[in-house]
Amino acid sequence: MEGGFGRKVVCLMAATLGGLALAGGAGAQEEDRELETIVITATRTPIKLGEATGSITVIEREELEARQVQSVLEVLRSVPGVDVVQSGSRGNTTTVFLRGAESDHTLVLIDGMEVNSVTLSSFDFADLTVDNVERIEVMRGGGGTLYGSQAIGGVVNIITRRGAGAPTGAVAAAGGNGSTHRESARLGGAVGPLGFSLAGSFYDTEGFRPENDDYRNGTVSGRFDYQATSAASAAAMVRYTNSDVGLFGNNNFLGGPDPNARMDTEDLLVKGEWEQELARGLEYRISGGYARDDQRFLDPPDALESARTESDIISELVSGEAQLDHYLGEWSVSTFGLDYDLRIADVESLFADPDFGAFPSSYDRTRRNLGLFFQEQLALLGSRGRAVAGVRIDDNQDFGSAVSPAGSASFLLWRRESGTLRAKASYAEGFKAPSFNELFFPDFGNPDLDAETSREWDFGAEASFFSGRCLFEVTYFHRDTDDLIEGRADEGGRFMARNVGEVTIDGVEVSARFRPFPWATLAWNYAHLGWRAQQDLLLRRPSNRASVNLDLVRKNLFVPHSLARANLNVDAVGDRLDVDPERSFAVGTNAAYARSDLAVSYTIPWRGGGLRSVGIFARVENLFDTDYREALGFEARPLNVLAGLAAEL
């Protein structure tokens, strides 16, 4: 039954995609307009994307909706220089490697609030949905000067939606194979000086493996913005997620599935912010936040494993920030700031075997860090050039003081009516304190570890042609990381965290976006990665990867004021090294693969019943049912269809 349903939806999608292509050429009359996107992450102040001196990618809400993704990780796969690795089915651990850096070298923010795990220092993207997300900004390259520890590889900043205009709402429900269903709702707008945006969703699937492959995720998100005066505003953000997943692959190393290992996770983020203009050209912003991650793991005895394993890992972060910005006309922006964070880890675990006894372990640690930073942005030569320089001083409770400078510049080489050509270059240093697990986890932690440090530079060019219809970017980067921390076995066979030496990474990123017609956009990117290491191999990071996305939009198809859309995305990943849990964790090659996803939707206006519009939508993930593994030993999901109805209120 499910197979027949999937084939019908695939056929419907293919027919719609072809129809859009044919209909698009039949008289699309829209003018091609390219709006300048405003980004925050690059400088911690609002600037136009075209003026950014570093490498940054922005994923707008329109793209999230066009691709019908459920989680942030699904769009990060298509960002240049980003490798996403999920260990099996939906809901399983998902890590991100940015420009070849370790997963704990990428800082993840939600509305500027850090959400990296205190115990691991990395962030698990498995449960992060796109509910209430306005855009995602990915800063590729060292961000240590502005954001401190964990930003050696770069920064991923998820920014939630602001409420504006008359209140509106939307609801959607969908179902598909694998006993999968998802329901979502959104409400947003403004009432007087108060803007609000609320969203939530529930996702449930039984998965695609014989047993213990189910996953559930419930997420709610809210943002409130209050315009107190013409010069002052307040904002509050909250996000809560509860998930539960069956870990089918937990017994891979024993040669069979795990029928009862499970992980339950609760994530909470709360942040408040106040922003005010003190005088003309002088603004300040203060904020405070709290993030908590509680992971509970349980694996009772089964046919392959006689032991019982359980753990409760609580990770908490309390942070505060203050930032002062001084604008001198349009040619200078000076930024002074400080941030303080308190990290709290409470870890309890138990391994109990009927033959060897019970072995409880735990640790409870805190660490504070104070960071001071300064940045200067200058517009040069009548805005043809732009230079940014900054420095940061971190005072870490356990690792003392560290200084992280950075500088970048761009210059407009030529400008014509039909396009522009801009050259860019940057340099950044970074500092990364060891995680709590690397220092204190029983039988693994090493309290004698040194902090990791990095130096990175890059240069490249951006060009636009045909009045902005064609955009092209190429970047070369080089990074040296000293005292890299990895798990290693000593002479006695004890596996523990160690500083393994220096790692050098070189890479090239190329991306292009072409809009030949108002109704068609084709985007493409490619990244090449190479490295040299003293004592290590970089795992799960391919030397070559590429993505292609085709987006077709057609208005007034069959019905006036209707909107039809089809989006095809292909991600291709080359061979990469990985440890194989099915072969005693020996290092092997994980084969290359290409995965295609197709999404279509059709929306028409509706009058009556309090509705503004109704629509149908469908998405086929892994369109050609490719057999592949993002992590060696953990089979990825097969073809997955999700189709449903949506309405705007």
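Below, a learner and a teacher talk through how to read a predicted model of a protein chain.

Q: Where do I start? How many helices and strands are in the protein chain?
A: Counting the elements is a handy way in. Here the protein chain has 5 helices and 35 strands.

Q: Next, overall shape. What radius of gyration does the protein chain have, and what would a compact globule have?
A: The idea is to set the chain beside a rule for a compact globule. A globule of 649 residues would come out near 26 Å, and the protein chain has 25 Å, so the two agree. You can also look at the spans: along its principal axes, the C-alpha trace covers about 75 × 65 × 45 Å.

Q: What share of the residues is buried?
A: A residue counts as buried when its relative accessible area is under 20%. In this chain, 52% of the 649 residues are buried. For the outside, the protein chain exposes about 27600 Å², and carbon and sulfur atoms supply 59% of that area.

Q: How do I read contacts along the chain? What percentage of them joins residues 24 or more positions apart?
A: You take the contacts with a separation of 6 or more and ask which of them link residues far along the sequence. In the protein chain, 62% of these contacts are between residues 24 or more positions apart.

Q: And the charges? How far apart are the mean positions of the positive and negative ones?
A: Here you average the places of each kind and compare the two points. The protein chain has 62 positive and 94 negative charges, and their mean positions are 8 Å apart.

Q: Why look for a nonpolar core?
A: Because nonpolar side chains tend to be buried together in soluble globular proteins. In this model the largest nonpolar core holds 28 residues, and L76, F125, I136 and I158 touch the most other members. Several elements give two or more residues to this core, including helix 3 (73-76), strand 4 (82-86) and strand 8 (133-140). Apart from this core lies another one of 8 residues, with L107, M139, Y147 and F373 among them.

Q: Can we zoom in on L76? Which residues does L76 touch?
A: Leaving out residues up to four places away in sequence, L76 touches I59, V82, V84, V96, F125, I136, V138 and V156.

Q: Let's try strand 24. Is T475 buried or exposed?
A: T475 sits in strand 24, residues 470-482. Its relative accessibility is 5%, so T475 counts as buried. Beyond its sequence neighbours up to four places away, T475 touches residues including S55, R99, R140 and D458.

Q: What about V474, which is found in strand 24?
A: V474 has a relative accessibility of 29%, so V474 counts as partly exposed. Among the residues V474 touches, past four places in sequence, are F459, V508 and V510. Now pick a partner and compare sequence with space: V474 and A647 are 173 residues apart in sequence, and their C-alpha atoms are 41 Å apart.

Q: Where does N369 lie?
A: N369 lies in strand 19, residues 357-380. With a relative accessible area of 9%, N369 is buried. Not counting residues up to four places away, N369 touches D339, Y340, D341, D394, D395 and N396. The C-alpha atoms of N369 and R209 are 44 Å apart, with their positions 160 residues apart along the chain.

Q: Is E621 buried or exposed?
A: E621 is part of strand 34, and its relative accessible area of 2% makes E621 buried. Past four places in sequence, E621 has contacts that include E74, R90, R595 and R637.

Q: One last feature: backbone angles. Which value does phi of N556 take?
A: Here you check the sign of phi and whether the residue is glycine. Phi of N556 is near 60°, a positive value in a residue other than glycine. N556 lies in the loop between strand 29 (544-555) and strand 30 (563-573), and at 47% relative accessibility N556 counts as partly exposed. D625 is another case, with a positive phi near 55°. D625 lies in the loop between strand 34 (611-621) and strand 35 (640-648), and D625 is partly exposed, at 46% relative accessible area.

Conventions: Residues are numbered from 1 along each chain as its sequence is written. This is a predicted model: local features need pLDDT of at least 70, side-chain atom pairs count only at pLDDT 80 or more; totals for chains, interfaces and linings use all residues. Side-chain values use heavy atoms; hydrogens and water are left out. Helices (H or I, at least four residues) and strands (E, at least two) are DSSP runs, numbered from the N terminus. The radius of gyration is taken over C-alpha atoms; the globule rule is 2.2 Å times the number of residues to the power 0.38. Buried means under 20% relative accessible area, exposed over 50%, partly exposed in between (1.4 Å probe, protein chains only). Contact means heavy atoms within 4.5 Å. Accessible areas come from the Shrake-Rupley method with a 1.4 Å probe; for residues, only the protein chains shown count as cover. Lys and Arg count as positive and Asp and Glu as negative; His and the chain ends are not counted. The place of a charge is taken as NZ of Lys, CZ of Arg, CG of Asp or CD of Glu. A nonpolar core is a set of buried Ala, Val, Leu, Ile, Met, Phe, Trp, Tyr and Cys residues joined through side-chain atoms within 4.5 Å.
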